[in-house]
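Open the model in your viewer and keep the selection tool ready. The tour goes from one residue outward, then to the whole chain, then to two loops.

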Amino acid sequence: MFVLRNVGKLIFGDTSKESLVELTQGQLYLVRPLSPKGYSELIFKDAAARIRRTNQDFQYQLVIQRAYEEGEEELLDDEDGEDAEIAALGAERDEKTFLLDEGLHFRSEIREGGEKVLAWRDLSGDVGDLYEFVCDNSISSTQVETFELIAVQCQYERKHRKGHQTATVEDLAQFTFDSEQPIPSASPTHSPEALSPVNTMPPPSRNTANSALKRESTPTKSRQAPVKDNAPTAAPPVLTHPEAQSILANELAELHLFDFVSGAFILQDPSVNAVVSEVGKWQYWLQISNNDKDWLGQEVIADINPVFNFEYLSFIFNAYTPSGDAYSWLLRFKDQDTETRFQEGLMQALWEQLNEIKWNKSKEDDRDYVLEAFQDLAMEDAPEEEEVEEEEIEDDGQKSEHYDSDEDEDDVVTRDDDGNVNSQLAVGYKHDRSFVVRGSKIGVFKHTPNNNLEFSTNISKVETPNGKLFSPKKVMLHAEDTNMILQNEADPNSLYRMDLEYGKIVDEWKVHDDIPVNTFAPESKFAQMSSEQTFLGLSRNALYRIDPRLAGNKLVDSELKQYVSKNDFSAAATTEKGYIAVASNKGDIRMFDRLGINAKTHIPALGEPIIGLDVSADGRWVLATCRTYLLLIDALQKDGKNEGKLGFEKSFGKDSKPQPRRLGLTPAHVAQFQHETGAALSFTPARFNTGEGLSETSIITATGPFIVTWNMKKVLRGSKDPYSIKRYAEEVKADNFKYGSDKNVIVALPNEVNMVAKQSFKKPTRESIATPVRIGGGSFGGRRSDAGRVGTRESGRYKLGKEDVVNSPY
């Protein structure tokens, strides 16, 4: 007898993932006909195959779930114990999921002798690798045909974003992949060498006689549709290019286009002219053509995401159609001198477009800094040791909860009638709490020992001492996490202090009559762990200390640094010693060792506004966030008279400038992100993992529905795959690491909050980019008891009920 793990989820709901069709018994193989890794690997000896819905319209998953002999599951559970990460790895052990996309080339085959096989591409494997589900003899041909038909319908819905009911047989036929080679045997009786075409008869064509589509009767009236031949991605129509006023670069190169189907760059033209020209006031154009054909024209803007790799003599970038579709292109040059000339012309155009200043008016050191930042090179002092690679796991099932502590037994609504959504996240350092801002409410979430979030309570009204309701623009935990500082956008000259013990604002602090507060930051990296009262404030052109203990205005006049020019400050961060980094909307960064003086180091702008800033505790690394990329800067001086000093302590010498590293998604991944979401990149403020005595090992940020995390060791040694991703069905509003760990990430979606294991992040592939994960939708998965409580107080899944907070000041 065999049983399916987690069968309760199938019985007790989760309707967004209901099964459409199921084959109850078979074996799952990974077959590698062309790989030296081994011809075939048995993944699941006994398994079930099903197709299920996701919580996103027109998106479906093919799911292969392991089956256990009676008693085997309990034995494995005993071995796993209660460790959350081991349990999460168990989920990967028990289930494989695949987004039903035409890229899988999903197909079936009924062989002589009656063997019935389903097969699909392994998109994260080598060329030719296939997953094969070999059905048990108890599965009928009709069941297999039905399964394939539903798979085809699901692929049609995903591609066309509409129901399959109006599709004709011709419409669906493009998903049958009749031209594919026969499905290789999962358990060959001969070695792969013996099956070489040199030693065997030509293989028979694929048997599609029993395909479910072939058995469908053709409607008497049907619209004709061409059968797709699964051709590589074709170049889009070329935009009309404006007339050039001056030429900045004109070089010969090979032209390649990224193919979404194969995941590789395909040669389009062995010899093209790549021309960068000025076409108007601060307007620039990249045109690529040969003597007979225009290949593409693209305005030079930040969204082209330029990446230069001198090792491979390549330049990769994105170009866009008028409808916003992104295509990723690659130019390959004949030598480094040619690429260097082209890089200087393109970066001049991009820098002038962003800064509206002529390139030759900037300092030579600043120009070198800009060019270096866009090169795909490893940084100095990169650690050479190999870290242990973290194994990817499936979504760990950690759940969230929404805010209403008065929920009814069946209440799982996560959207408010007022239209407000989650907007900000503050993670506690001193106590295991996270705070999520939602309009004029703040949700409080407890971090459980098994790394989940439990909804604790709701601060239902954020209002001034005068009783005026407002939605905080920015919040910051303060004074051992007992207070929260809030900013009201309608009153830029004041801040408010909320006493978290009582859950209400108790003080209004007037900072200055004439100097507003644009943003603020803690006195030092871990100030919120202490009773420190002072903190930093920034206006557009001033940096100062705020001391709430002062009578009257709270700005400390003796520690005010005000600039005559408008620097447009936008973000600040501090080190453990209290060194200060300040960034601006112009894109430059200043480093101070204390307030009230000139900056020790000024880092020039690349062009894009900086929207977020973080600094490692020791001050070695500065992390700036721009809309389309991050910037990691090494502040340690490597030579000269100030060797060993930080840029915060001593100015960099003339020949010793900070070393920048531009962290961005590869242009191919950007194209796939935008292909899936239809939205441009827009990163949330990136952060290091943090904790007293801990080293910074990871970086976290998000764009649209994707969370992205960079591995610092991989970044520093120039690895080609330094980041991993996790996709949700909705936009990620805020994210941060749990304090004291780089293993768990807290995520705020518009209507849900979640803690996820970093191990559940995946390498960016077509499947991981296209497949959103689902979180708990307001339910912790247990049976809801009276007053909304889930489980018992001893349970790791315990959730507070109404009477648990009835005496709370919240």
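This is a predicted model. Start by selecting Leu 331. Beyond its neighbours within four places in sequence, Leu 331 is in contact with Ala 253, Glu 254, Leu 255, Val 272, Ala 274, Ile 288, Leu 313, Ser 314, Phe 315, Phe 317 and Phe 342. Show these side chains.

Now widen the view. Leu 331 belongs to the largest nonpolar core, which has 57 residues. Together with Ile 288 and Phe 342, Leu 331 has the most contacts inside that core. Next, select residues 336-355. This is helix α7, and its six residues are the largest share of the core. Another core lies apart from this one, with 28 residues. To find that second core, pick Leu 632, Ala 668, Ala 671 and Val 708, which are among its members.

Zoom out to the whole chain. Cartoon view should give 11 helices and 42 strands. Of the 810 residues, 55% count as buried. Switch on the surface: the chain exposes about 35900 Å², and carbon and sulfur atoms supply 46% of that area. For contacts between residues at least 6 apart in sequence, 58% join residues at least 24 apart.

Two backbone stops remain. Most residues other than glycine have a negative phi. Select Trp 282, in the loop between β10 (264-280) and β11 (283-289). Its phi is positive, near 60°. Then go to Asn 305, in the loop between β12 (294-299) and β13 (307-309). Asn 305 also has a positive phi, of about 50°. Is Asn 305 buried or exposed? Asn 305 counts as buried because its relative accessibility is 2%, and the cut-off for buried is under 20%.

Notes:
Residues are numbered from 1 along each chain as its sequence is written. This is a predicted model: local features need pLDDT of at least 70, side-chain atom pairs count only at pLDDT 80 or more; totals for chains, interfaces and linings use all residues. Side-chain values use heavy atoms; hydrogens and water are left out. A nonpolar core is a set of buried Ala, Val, Leu, Ile, Met, Phe, Trp, Tyr and Cys residues joined through side-chain atoms within 4.5 Å. Buried means under 20% relative accessible area, exposed over 50%, partly exposed in between (1.4 Å probe, protein chains only). Helices (H or I, at least four residues) and strands (E, at least two) are DSSP runs, numbered from the N terminus. Contact means heavy atoms within 4.5 Å. Accessible areas come from the Shrake-Rupley method with a 1.4 Å probe; for residues, only the protein chains shown count as cover.
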